[in-house]
Structure formats: C-alpha cells, structure tokens
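Let's take a walk through a protein model together, one piece at a time. Have a look at the picture and the sequence first, and then read on.

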Amino acid sequence: MDRNLGFLLHDVARLLRKRFDQRARTLGLTRAQWSVLAHLARNEGINQAALAETLEIEPITLVRLLDRLEAAEWVERRPDPNDRRARLLYLKDKAHPVLEQMRALGAVTREEAMAGLSDAARRQLIETLLAIKANLSTQTVGETEEEIRRARHGRW
C-alpha cells in the first residue's frame, strides 16, 4: 500500500495538514477557519455558495465558519449587486497579518517536507503533480453523475 499513488498522496497531504495544524495553533485558528481565509485570499469577492463548493463543505457549515470569522473581524459579507439573495466575501484588514503568518508557517512546513530533495527534484515533483492534476481534471469534466456514483461504489 505504501507505493500506491492514491494512498501515498492521501498520506502525504494528511501529514502536511497535520504538521501545519501543529504550527498554526499559535494563531488561534482551526483548520477549517484557516482554510476559509486561505481560499478567500485567492478568491476575494467570491459568493458563499461558490466558496462552499470550492472547499467541498456544506453551505450551512461555511455559514457558521463565516459567522465566527466575521465576529472576529477577519471577514466581511457584502451584498451581491447582481443577486440580492447572495453575499460576496472579502477579507478585512485584520486578516492580512494572520495570512502572512499562515504563509510563513506554510513555507516552513513545505521546507520541512522537501528536506533532502534537490532543487531539480523539487521542480520535477511539482511538475509531475501538476501533470497528474491536469490529467484528472480533464478526465472528470465529461463524467456523468451516474458514472461518478458507480465509481465511488466500485460498480463499473
């Protein structure tokens, strides 16, 4: 199992998250909160439904997280001028120093993970992962819901 691509990627991602979590505790954020802030930093002005989909969480779960982040004055919701039911999400000034700390912790964690790898090996790893991501992204675009359901349940 330790040479199976899926298991290996899952384990590496889990260990990276765990190590980052250990460091991020000093910021007083949960993993879910820092994930929201990190995704919002890359997608300011996104609506709540799209952010929930990106994070692969239920919209109600995101609303609870946003309530806490808004109370802490890290995030603000603004009305969507094109859809009166929707809210657009933006970072407040108070969030930027926290994001800088998160980026620094992420850099330390990535460096720890890549220790012992040459620059060439690091570049090759990233290029390989990007190629795998692209392969899987193009393959899933045309799948039907039925094909996805069958694949999840091992019924091909």
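**Starting from one arginine**

Arg31 is partly exposed, because its relative accessible area is 37%. Here, buried means under 20% relative accessible area, exposed means over 50%, and partly exposed is anything in between, using a 1.4 Å probe and the protein chains only. Before going further, keep in mind that this is a predicted model: local features need pLDDT of at least 70, side-chain atom pairs count only at pLDDT 80 or more, and totals for chains, interfaces and linings use all residues. Residues are numbered from 1 along each chain as its sequence is written, and side-chain values use heavy atoms, leaving out hydrogens and water.

What does Arg31 meet? Its side chain and that of Asp21 come together in a salt bridge, with N and O 2.5 Å apart. This pair ties distant parts of the chain together, since Asp21 sits in helix 1 and Arg31 in helix 2, ten residues apart. A salt bridge means a side-chain nitrogen of Lys or Arg within 4 Å of a carboxyl oxygen of Asp or Glu. By that rule, the count comes to ten salt bridges. Unlike partly exposed Arg31, Asp21 is buried, because its relative accessible area is 16%.

Now let's zoom out. The protein chain has seven helices and two strands, and from the N terminus on they run α-α-α-α-β-β-α-α-α. Helices (H or I, at least four residues) and strands (E, at least two) are DSSP runs, numbered from the N terminus. Of the 156 residues in the chain, 24% are buried. The accessible surface comes to about 11,200 Å², and 53% of that belongs to carbon and sulfur atoms. These areas come from the Shrake-Rupley method with a 1.4 Å probe; for residues, only the protein chains shown count as cover.

Next stop: Trp34, which you'll find in helix 2. Is Trp34 buried or exposed? At 15% relative accessibility, Trp34 counts as buried. Setting aside residues up to four places away in sequence, Trp34 touches Phe20, Asp21, Ala24, Leu29 and Met102, where contact means heavy atoms within 4.5 Å. Notice Asp21 on that list: you've already met it as the salt-bridge partner of Arg31. Trp34 and Val98 are 64 residues apart along the chain, yet their C-alpha atoms are separated by 9.1 Å.

Arg19, in helix 1, tells a similar story. Arg19 and Thr109 are 90 residues apart in sequence but 6.8 Å apart in space, C-alpha to C-alpha. Leaving aside neighbours within four places in sequence, Arg19 is in contact with Thr109 and Glu112. Together, Arg19, Arg23 and Glu112 are linked in a network of salt bridges. Arg19 counts as partly exposed because its relative accessibility is 31%.

Time to look at helix 4. How does its length work out? The expected span of a helix is 1.5 Å times one less than its number of residues. At 1.5 Å a residue, the 13 residues of helix 4 (residues 59-71) should span 18 Å, and the end C-alpha atoms are indeed 18 Å apart, which agrees. Which residues of helix 4 are buried? Leu62, Leu65, Leu66 and Leu69 are. They cover an arc of only 100 degrees around the axis, which puts them on the same side of helix 4; the arc is that of the directions from the helix axis to the C-beta atoms. Why does that pattern make sense? An α-helix has 3.6 residues a turn, so residues three or four places apart point the same way.

The cover over the buried residues of helix 4 includes helix 2 (31-42), helix 3 (48-55), strand 1 (75-80) and strand 2 (83-91). Just after helix 4 comes Glu73, whose phi is positive, near 65 degrees. Glu70 pairs with Arg77 in a salt bridge, the closest N and O atoms being 2.7 Å apart.

Finally, the surface. Leu5, Leu9, Leu117, Leu125 and Leu129 make a nonpolar patch of about 380 Å². Patches are made of residues with over 30% relative accessible area and no salt bridge, joining like charges within 9 Å and nonpolar side chains (Val, Leu, Ile, Met, Phe, Trp, Tyr) within 5 Å. Helix 1 (5-24) and helix 6 (119-141) each supply at least two residues of the patch. Leu9, for one, lies in helix 1 and counts as partly exposed at 37% relative accessibility.
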